[in-house]
Amino acid sequence: MNDHCVAKESIRIGELAATVFSPEQPKAVTVVLPGFSDGRKHPFTANLCGYLAARGIATIGFDPRGLWESIDPEVGREEPAKHTQSNFQQDIDAVVRYAHRRHQGLPLALGGFCYGGYSAAHYAARNQSVDYLFAVSPTRDSIWGGEYLVEKDTSWRERGMREFEFVDRVNKRLGVFRTKFTRILPYSLVEDERHHNLGVILPYIQQPTLFIAATKDQVIPRETVEESFASCGAKDKQYVLLPIKHDFFDSRRQTRRVNDAVFRFIAAKSNISAGC
């Protein structure tokens with residue numbers, strides 16, 4: 001492997017806080033989407049961006065509007081109500097357009113983990129500005145995977161708000177450190193998600209697509225990913241099953257497996273040597 005000289009830059013794309021990894025003479029550009037309520041510093045996003053950039057692929061990660069550092073300076077705090085799928089699609093569009101302006105003529109890959117993979121699929125189905133799509137353990141039913149149905153959570157619907165616990169994972173040289181925190185999410189997020197049905201849009205995806213499933217995933221079981229793979233309309237599509245868990249980013253070995261699978265997919269489509 002030849003480590004490319006990579007410049008790391010924090011920028012603003014409109015109201016979005018973003019990090020750009022720019023190798024010398026990149027061969028492609030990738031926009032990496034975080035999971036639900038996660039941001040650009042989450043281990044999945046940060047690790048994949050750095051891994052791809054070291055192999056000659058420019059990358060961009062960002063914080064969704066209303067969360068982390070993509071907050072309104074006049075408000076001065078997070079606004080989780082802004083993290084709807086409709087708004088997230090607009091965020092993705094802004095970043096994709098920026099990526100094309102910054103790296104004119106390069107093929108663009110879009111992908112993400114869990115909710116990020118679900119969101120990437122929604123965008124790619126409607127936008128041919130994306131050349132390749134990848135989805136790592138993508139959820140199929142909006143925010144949550146598996147058999148959880150928000151319609152059964154009547155208390156959330158009746159109260160209009162519900163407090164959820166999240167885990168903030170911070171990369172350190174010796175590992176991943178976790179801090180638990182809570183966010184109060186409005187039921188309006190669910191109401192907005194009803195307008196975004198992955199099962200409906202999957203047949204419209206035409207770009208070469210990679211689906212990655214995990215053998216030990218109890219949140220998004222492999223059967224869910226296989227169902228999405230079968231429904232995907234792309235003629236050129238790949239399904240990769242890896243011996244990993246849902247939170248694979250807690251393990252360096254499992255993270256490397258995911259990163260390598262994504263790199264090889266993009267490299268093959270962009271004529272980049274897998275030995276880079």
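The following exercises, each with a worked solution, concern the sheet, the helices, the aromatic pairs and selected backbone features of a predicted model.

**Exercise 1. The central sheet**

Determine in which order the strands of the open sheet are arranged, and identify the edge strands.

*Solution.* Step 1: the open sheet consists of 8 strands in the order 1-2-4-3-5-6-9-10, with mixed pairing. Step 2: strand 1 (6-13) and strand 10 (237-245) each pair on one side only, and these are the edge strands. Step 3: ignoring direction, neighbouring strands of this sheet are turned by 20° against each other on average.

**Exercise 2. Pairing within the sheet**

Establish in which sense strand 1 pairs with strand 2, strand 2 with strand 4, and strand 5 with strand 6.

*Solution.* Step 1: the pairing of strand 1 with strand 2 is antiparallel and extends over 8 bridges. Within this pairing, Lys8 stands opposite Phe21 in strand 2. The two strands form a hairpin with 2 residues between them, and Gly14 in the turn has a positive phi of about 65°.

Step 2: strand 2 and strand 4 also run antiparallel, joined by 4 bridges. Here Val20 stands opposite Ile60 in strand 4.

Step 3: strand 5 (residues 108-113) and strand 6 (residues 132-136) run parallel and are joined by 5 bridges. Ala109 is found opposite Tyr132 of strand 6.

**Exercise 3. Burial of strand 2**

Decide how many residues of strand 2 are buried, and which residues lie on each face.

*Solution.* Step 1: in a regular strand, side chains alternate between the two faces of the sheet, so the two faces are to be examined separately. Step 2: one side carries Leu16, Ala18, Val20 and Ser22, and the other carries Ala17, Thr19, Phe21 and Pro23. Step 3: the residues on both sides are all buried, and both faces are thus covered. Step 4: the count for strand 2 is 8 of its 8 residues buried.

**Exercise 4. Helices on the sheet**

Name the strands that helix 7 touches and those that helix 8 lies across, and give the angle of each helix with strand 10.

*Solution.* Step 1: helix 7 (residues 222-231) packs on the sheet, where it touches strand 9 (209-216) and strand 10. The direction of helix 7 makes about 170° with that of strand 10. Step 2: helix 8 (residues 252-270) lies across strand 3 (28-33), strand 4 (57-62), strand 5, strand 6, strand 9 and strand 10. The angle of helix 8 to strand 10 is about 165°.

**Exercise 5. The contact of helix 2 with helix 3**

Describe how the axes of helix 2 and helix 3 cross, and which residues meet.

*Solution.* Step 1: two packed helices are described by the angle and the distance between their axes. Step 2: the axes of helix 2 (residues 85-102) and helix 3 (residues 115-126) come within 10 Å and cross at roughly 70°. Step 3: crossing angles of 65 to 115 degrees count as roughly perpendicular, and helix 2 is therefore roughly perpendicular to helix 3.

Step 4: helix 2 contributes Gln85, Phe88, Gln89, Ile92, Asp93 and Val96, which meet Tyr115, Tyr118, Ser119, His122 and Tyr123 of helix 3. Step 5: by class, the residues of this contact comprise 6 nonpolar, 4 polar and 1 charged.

**Exercise 6. Aromatic pairs**

Classify the ring pairs Phe88–Tyr115 and Phe113–Phe249 by geometry, and locate their members.

*Solution.* Step 1: the structure holds 13 aromatic pairs. Step 2: the ring centres of Phe88 and Tyr115 are 6.0 Å apart and the planes stand at 10°, so this pair is stacked. Phe88 belongs to helix 2 and Tyr115 to helix 3, 27 residues apart. Both Phe88 and Tyr115 are buried.

Step 3: Phe113 and Phe249 are 5.3 Å apart centre to centre with 85° between the planes, an edge-to-face pair. Because Phe113 lies in strand 5 and Phe249 in the loop between strand 10 and helix 8, the pair ties together parts that are 136 residues apart in sequence. Phe113 and Phe249 are both buried.

Step 4: ring pairs also link Phe36, Phe62, Phe88, Tyr115 and Tyr118 into a cluster.

**Exercise 7. Positive phi in loops**

For Gln25 and Trp68, state the phi value, the location and the exposure.

*Solution.* Step 1: Gln25 is not a glycine, yet has a positive phi of about 50°. Gln25 is placed in the loop between strand 2 (16-23) and strand 3, and is exposed at 68% relative accessible area. Step 2: Trp68, likewise not a glycine, has a positive phi of about 55°. Trp68 sits in the loop between strand 4 and helix 2, and its relative accessibility of 27% makes Trp68 partly exposed.

Methods: Residues numbered from 1 in each chain as written. Predicted model: local features only at pLDDT ≥ 70, side-chain atom pairs only at ≥ 80, totals over all residues. Heavy atoms only, no water. Axes fitted to C-alpha atoms, helices over the stretch in contact; angles between N-to-C directions. Parallel < 35°, antiparallel > 145°, perpendicular 65-115°, else oblique. Contact = heavy atoms within 4.5 Å. Nonpolar A, V, L, I, M, F, W, Y, C, P; charged D, E, K, R; others polar. Pairing = 2+ DSSP bridges. Phe/Tyr/Trp six-rings, centres within 6.5 Å; stacked < 30°, edge-to-face > 60°. Buried < 20%, exposed > 50% of the residue type's maximum accessible area, 1.4 Å probe, protein only.
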